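Reader: I am new to this structure and would like to understand the words used for it. Could you take me through them one at a time, with the reasoning behind each?

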Amino acid sequence: MLSLQETIRPSADLRNHYNEISKQCREDNTVVIITVNGRGDTVSLAYEEYKRMKARIELLEILAEAENDAENGRVAPISETFDDLRNILREDLI
C-alpha cells in the first residue's frame, strides 16, 4: 500500500522556500500540499514518485478494463492470445 507523508504549506513558502520544498519532496518522499487562503490548491511531489503513481493508475485502469471484459464475456482462449502477441512481435521486428 502506498503511504506518503504529507505536509501543508502556504503558497508563499513555495515562492520563498522552493529549494527546501523540492528537497523535502525528493529526499523525504513527502507530498507537500500548497494552500492559498487556507485551502488546498496544489500538490508537489518528487518526479520519480509522480511516475510511480502514474504507472500504478495506468495498471489499475487496464485491470479494471480486463475485469469488465471478463464479466461481459469478451474473452479469448489463451493460446489465441499468445499467437496474436507473437504475430505482433514478429511484425515489429520486420
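**Reading the terms**

Author: Let us begin with Glu49, which has a relative accessibility of 3% and therefore counts as buried, since buried means under 20%. Please keep in mind that this is a predicted model.

Reader: What makes the contact between Arg52 and Glu49 a salt bridge?

Author: The side chains of Arg52 and Glu49 come to 2.9 Å, taken from N to O, and because the cut-off for a salt bridge is 4 Å between such atoms, the pair qualifies. Both residues belong to helix α3, which covers residues 47-71, and they are three residues apart, or about one turn of the helix. Glu49 also forms a salt bridge with Arg56, where the closest N and O atoms are 3.1 Å apart.

Reader: Why is Arg52 called partly exposed, and how is Arg56 classed?

Author: Arg52 has a relative accessible area of 41%, and Arg56 has a relative accessibility of 35%. Partly exposed is the class between 20% and 50%, so both values fall within it.

Reader: How many salt bridges does the structure hold, and which residues meet in the one that involves Asp13?

Author: The structure holds seven salt bridges. In one of them the side chains of Asp13 and Arg9 meet, with N and O at 3.0 Å, and both of these residues are buried.

Reader: Why is Arg15 called exposed?

Author: Arg15 has a relative accessible area of 64%, and because exposed means over 50%, Arg15 belongs to that class. Arg15 is part of helix α1, residues 11-16, and its C-alpha atom is separated by 26 Å from that of Arg52, which is 37 residues away along the chain.

Reader: How do you know that Thr30 is buried, and which residues is it in contact with?

Author: The relative accessible area of Thr30 is 4%, which is under 20%, so Thr30 counts as buried. When neighbours within four places in sequence are left aside, Thr30 is in contact with Gln5, Glu6, Thr7, Gln24, Cys25, Ser44 and Leu45. Thr30 lies in strand β2, which is made of residues 30-36.

Reader: What makes β2 mostly covered?

Author: Six of the seven residues of β2 are buried.

Reader: How do you know that β2 pairs with strand β1, and which strand runs antiparallel to β2?

Author: Strand β1, residues 5-10, pairs with β2 in the parallel sense over six bridges, and because at least two bridges are needed for two strands to pair, the condition is met. Within this part of the structure, Pro10 stands opposite Thr35 of β2. Strand β3, residues 39-44, runs antiparallel to β2 and is joined to it by five bridges, with Thr42 in β3 as the bridge partner of Ile34. Together β2 and β3 form a hairpin with two residues between them, and Asn37 in the turn has a positive phi of about 55°.

Reader: Why is Ile78 called exposed, and which nonpolar surface patch does Ile78 help to make?

Author: Ile78 has a relative accessibility of 57%, and since this is over 50%, Ile78 counts as exposed. Ile78 is placed in helix α4, residues 78-93, and together with Phe82, Leu85 and Ile88 it makes a nonpolar surface patch of about 380 Å².

Notes: Residues numbered from 1 in each chain as written. Predicted model: local features only at pLDDT ≥ 70, side-chain atom pairs only at ≥ 80, totals over all residues. Heavy atoms only, no water. Helix = DSSP H or I, 4+ residues; strand = E, 2+ residues; numbered from the N terminus. Buried < 20%, exposed > 50% of the residue type's maximum accessible area, 1.4 Å probe, protein only. Contact = heavy atoms within 4.5 Å. Patch = residues over 30% accessible without salt bridge, like charges linked within 9 Å, V, L, I, M, F, W, Y side chains within 5 Å. Areas by Shrake-Rupley, 256 points an atom, 1.4 Å probe, with all protein chains shown as cover.
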